[in-house]
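Biologist: Please show me the model. I would like to ask how some of the words used for it are justified.

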Amino acid sequence: MARLVLLGTKGGPSLRASGASFLPTSSHLSIAGRSIIIDCGLGVTAGMVKAGYPLTGLTDVFITHYHSDHVLEFGGLLHTAWTAGLDHQVPVYGPPGLELIWQRFCEMMEFDIAIRIKDEGRPSLAPLVTVSIYHAKTPDPVKLVDDNGFCVSAMRNDHPPIDDSYALRFDAVGKSVTFSGDTRYVPALADFARNSDVLVHEAMLAKGVEHAVAKTKTGDERLKQHLLTSHSLAEDVGRIASAANVGHLVLHHLIPPERNICNDEEWQAEVSRSFDGRCSVGCDGMVIDF
Ligand SMILES: [Zn+2]
Ligand SMILES: [Zn+2]
């Protein structure tokens, strides 16, 4: 069995009113004896512990792209795992730039890291983390990991103006889960996600775009354009799920996250126009066994 826990399901970086989708993007995947984090939005560290997974058991971290709502707590997660007693190497995977993000985090925390090594006898932090860079020039999938039946692949999605943004697929023990990452509607994603047990796809409702723009007070046209050109409407997400023949579609990175603006029935109604399979509207802490 594999278990996915959605730690943060809100689209975008801001924290506003507490609710079902309060925290930015992060997920925990427990599969084939591994304890994997996918994306490190704010709250990932506490979310992992709250979900029942010790930080010292962390085995792998994957980042889909470098918008802050996916990477802001990357260093904080690894540093906190280290202070909790992490004693094995953790491979971390991301598009080009991750080595610099990690290096600069360690520099920023140099004082604390040095003092804990001296005062508490901790091992050095930097060697506990091994950074692997992945990159694809075309939408053809690339393999990130192939280790005793545990396979991870990445497909370049379409999330302008960011070039290096990816969907990720995990296969192990006869189970599969695909994460869309942040992307506009990319029909080829259906091939990448083909027959996944679970597809975790970002989703947006047109009503949510209006709401997000209104929240800026200035009614920012540029935000509206960004949302419409870089993210996926729920009906299109249903199209991907149908074409991919997935077992369970899970909506994630919700725009809007507020259920008093768009409730679960409204999300389901949009998806059901193009997908008649099982669909869940993600919320923080949601557990999906498959
Ligand atoms: Zn995002
Ligand atoms: Zn993004």
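The questions below concern a predicted model, and they turn to its metal site, its cavity and its pockets.

Biologist: What makes His65, His67, His159 and Asp182 donors of the zinc ion (ligand 2)?

Modeller: A donor is an N, O or S atom within 2.8 Å of this metal. The atoms here are NE2 of His65, ND1 of His67, NE2 of His159 and OD of Asp182, and they lie 2.2 to 2.3 Å from the zinc ion (ligand 2). They are therefore within the cut-off of 2.8 Å.

Biologist: Why is the site of the zinc ion (ligand 2) called irregular?

Modeller: Four donors count as tetrahedral if all angles lie between 85 and 135 degrees. The angles among the 4 donor atoms of the zinc ion (ligand 2) run from 91 to 159°, so the site is not tetrahedral and is classed as irregular.

Biologist: Which parts of the chain does the pair of His67 and His159 tie together?

Modeller: Histidine 67 is in the loop between strand E4 (60-62) and helix H2 (68-71), while histidine 159 is in the loop between strand E8 (150-156) and strand E9 (166-172), so the pair joins parts 92 residues apart in sequence.

Biologist: How do you know whether His159 is buried or exposed?

Modeller: Buried means under 20% relative accessible area. Histidine 159 has 1%, so it is buried. Histidine 67 has 24%, so it falls in the class between the two cut-offs, partly exposed.

Biologist: Which residue bridges the zinc ion (ligand 2) and the zinc ion (ligand 1)?

Modeller: Aspartate 182 does, and the two ions are 3.4 Å apart.

Biologist: What makes a space a cavity and not a pocket?

Modeller: In a cavity a 1.4 Å probe fits but cannot get out, whereas a pocket is open. The structure has 1 cavity of 30 Å³ or more. The largest cavity holds about 90 Å³ of space. Its lining has 15 residues, and Thr25, Asp39, Phe179, Gly181 and His252 are nearest its centre. Strand E11 (198-204) is one of the strands that supply the lining, and E11 gives the most, with 3 residues.

Biologist: Why does Gly11, beside the centre of the largest pocket, count as polar?

Modeller: Gly is placed among the polar residues by the classes used here. The largest pocket, of about 420 Å³, has a lining of 8 nonpolar, 11 polar and 5 charged residues. Besides Gly11, the residues closest to its centre include Gly12, Pro13, Leu223 and Leu227.

Definitions and conventions: Residues numbered from 1 in each chain as written. Chains lettered and ligands numbered in written order. Predicted model: local features only at pLDDT ≥ 70, side-chain atom pairs only at ≥ 80, totals over all residues. Heavy atoms only, no water. 1 Å grid on protein atoms, 1.4 Å probe; cavity = no way out; pocket = protein on both sides within 12 Å on 5 of 7 lines; lining within 4 Å. Points joined across faces, edges and corners; volume = space filled by probe spheres on them. Helix = DSSP H or I, 4+ residues; strand = E, 2+ residues; numbered from the N terminus. Donors = N, O, S within 2.8 Å, 3.2 Å for Na, K, Ca; no water. Tetrahedral: all angles 85-135°; square planar, octahedral: opposite > 155°, others 65-115°. Buried < 20%, exposed > 50% of the residue type's maximum accessible area, 1.4 Å probe, protein only.
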